[in-house]
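Okay, thanks for coming, everyone. Let me put the structure up on the screen and then walk you through it.

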Amino acid sequence: MIVDVVVGLQHGDEAKGKITHQLCKNYDYDYVLRFNGGGNAGHTIYHHGKKFITHYIPAGVFHGIKSIIGNGCVINPKHLMEEMRDLAYAGIDTKNLVRIASNCHVITDEHLEEDGRDTRIGTTKRGTGPAYRDKYSRDGLRAKDVPELEDYVIDLYETLHKDRDTKILCEGAQGFELDIDWGDYPYVTSSHTTVASALLNGIPPQAIRNVWGVAKVYDTYVGTKNFEPEGVAFPRLRDIGEEYGATTGRPRQCNWLNLDSLIKSLAINGVTQVVFNKTDVLQELGEFKLIYNNKVQEFSSLKQMCDYIEVRIPSPVRARIKRILYSGDKHGMDIAA
Ligand code: IMP
Ligand code: MG
């Protein structure tokens with residue numbers, strides 16, 4: 001088994017969908033496996049110039065690759081079916097490609113209602129948190145117990161461990177700073193967002209080849225805590241970068257890239273390839289700043305800022321990193337195999 005993993009290094013919305021989409025083009029995966037989260041995720045993908053937003057369905061479907069929603073996820077059957085219908089309508093086959101782990105937990109109407117009342121965390125109101133809570137309190141409902149999912153349900157062990165050389169791309173949702181343990185609790189999501197979370201979906205650790213860590217050259221966050229500092233740069237950054245939630249349409253709070261947090265996230269995820277997205281946005285803004293040692297550092301160009309980042313990554317972390325890529329094109333990038 002060969003496994004590549006894509007993880008978010010910040011607060012989600014790092015344009016992981018774009019990287020997954022590109023990796024699917026460059027490598028011949030047998031499966032794409034979403035390993036955490038629920039309908040709270042919003043993946044924006046440009047496929048043949050057309051914009052798609054998916055919440056559940058892994059990006060593999062755009063390339064005809066079998067796409068599995070793993071047991072680390074929680075799903076709302078109605079929303080999932082709607083998403084499949086929408087994609088089918090746009091000419092993307094999902095019926096033959098999308099599969100759901102039998103032991104994946106289900107978001108019920110009660111979960112949706114409860115999450116809909118949240119004002120404390122600023123959740124996406126998709127029922128994600130209550131579904132995970134019931135999973136852990138052993139009160140939950142699983143995909144294999146929902147008749148309308150019958151055609152899609154698989155045994156993840158049987159599927160992934162059948163052949164010797166199965167190639168899998170594990171696609172994470174959200175990002176390191178939203179991890180239930182490593183994020184700024186309680187302003188976090190209810191699942192694990194690190195590479196460890198991929199392993200929980202039946203992946204043996206030795207199978208991992210590459211860990212693609214995805215970041216933006218600045219930072220954004222959606223939720224109730226105060227994240228965006230004062231300053232005219234940030235509303236401009238939001239507009240240029242179109243920083244509005246893919247799931248809820250909420251404006252994302254903006255800030256400079258936090259290099260302190262990023263280093264931690266690279267270290268804990270064992271990242272082997274780093275992608276910094278949305279360089280075009282910072283170029284258009286014309287201000288190049290980041291936070292390091294809790295202080296804002298300013299640069300005269302993006303190049304100078306990138307050089308600074310690469311030098312500050314501590315050597316044990318840097319030693320694992322094979323490549324650092326920068327991308328300023330939302331439609332995609334070439335990740336040559
Ligand atoms: P929940 O995951 O809906 O419970 O929301 C918990 C926190 O995570 C809130 O601050 C959400 O805005 C944030 N969040 C959850 N999923 C995403 C995502 O995919 N992108 C960005 N923020 C997210
Ligand atoms: Mg998103």
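So, to start: in what order do the 9 strands of the open sheet come, and is the pairing parallel or antiparallel? Before I answer, keep in mind that what you're looking at is a predicted model.

Right, the order. Reading across, you go β9, β7, β5, β2, β10, β1, β11, β14, β17, and the pairing is parallel. At the two edges sit β9, residues 153-154, and β17, residues 323-326, and each of those pairs on one side only.

Let's zoom in on one pair there. Strand β1, residues 2-8, goes with strand β11, residues 208-216, in the parallel sense, with 6 bridges between them. If you want a spot to click on, Val 5 stands opposite Val 211 in β11.

Now look at what lies across those strands. Helix α1, residues 16-26, lies across β1, β2, β10, β11 and β14. The helix runs at about 160° to β1.

Okay, next sheet. This one is also open, with 4 strands in the order β12-β13-β15-β16, and here the pairing is mixed. The edge strands are β12, at 218-221, and β16, at 295-299, each pairing on one side only. On average, neighbouring strands in this sheet are turned by 45° against each other, ignoring direction.

Within that sheet, β12 and β13, residues 253-258, pair in the antiparallel sense over 4 bridges. Tyr 221 is the one standing opposite Gln 253 in β13. Helix α7, residues 233-240, packs on the sheet and touches β12 and β13, and its direction makes about 95° with that of β13. Then there's helix α8, residues 259-269, which lies across β13 and β15 and runs at about 65° to β15.

Now to the part I guess most of you came for, the ligand. Which residues are closest to ligand 1? There are 17 residues surrounding it, and the closest are Asp 13, Asn 40, Thr 124, Thr 189 and Val 222. Sorted by character, the shell comes out as 6 nonpolar, 9 polar and 2 charged residues.

Let me go through some polar contacts. Asp 13 has a polar side-chain atom 3.3 Å from a nitrogen atom of ligand 1. Gln 174 puts a polar side-chain atom 3.1 Å from a nitrogen of the ligand. And with Thr 189, an N or O atom of the side chain is 2.6 Å from an oxygen atom of ligand 1. As for how covered the ligand is: taken alone, ligand 1 exposes 470 Å², and the protein buries 96% of that.

Stay on Gln 174 for a second, as its backbone is worth a look. Its phi is near 55°, so to speak a positive value in a residue other than glycine. And where does Gln 174 sit? In the loop between β10 and α6.

Last thing, from that loop. Pro 186 lies in the loop between β10 and α6 too. The peptide bond joining Tyr 185 and Pro 186 is cis, with omega about 5°.

That's my tour, so over to you for questions.

How values were computed. Residues are numbered from 1 along each chain as its sequence is written. Chains are lettered from A and ligands numbered from 1 in the order in which they are written. This is a predicted model: local features need pLDDT of at least 70, side-chain atom pairs count only at pLDDT 80 or more; totals for chains, interfaces and linings use all residues. Side-chain values use heavy atoms; hydrogens and water are left out. A residue is near a molecule or strand if one of its heavy atoms lies within 4 Å of it. A polar contact is a pair of N or O atoms within 3.5 Å; within protein, one must be able to donate a hydrogen and the other to accept it, and residues adjacent in sequence count only if both atoms are side-chain atoms. Accessible areas come from the Shrake-Rupley method with a 1.4 Å probe; for residues, only the protein chains shown count as cover. Ala, Val, Leu, Ile, Met, Phe, Trp, Tyr, Cys and Pro count as nonpolar, Asp, Glu, Lys and Arg as charged, and the others, Gly among them, as polar. Two strands pair if DSSP finds at least two bridges between them. Axes are lines fitted to C-alpha atoms, for helices over the stretch in contact, and angles run from 0 to 180 degrees between N-to-C directions. Contact means heavy atoms within 4.5 Å.
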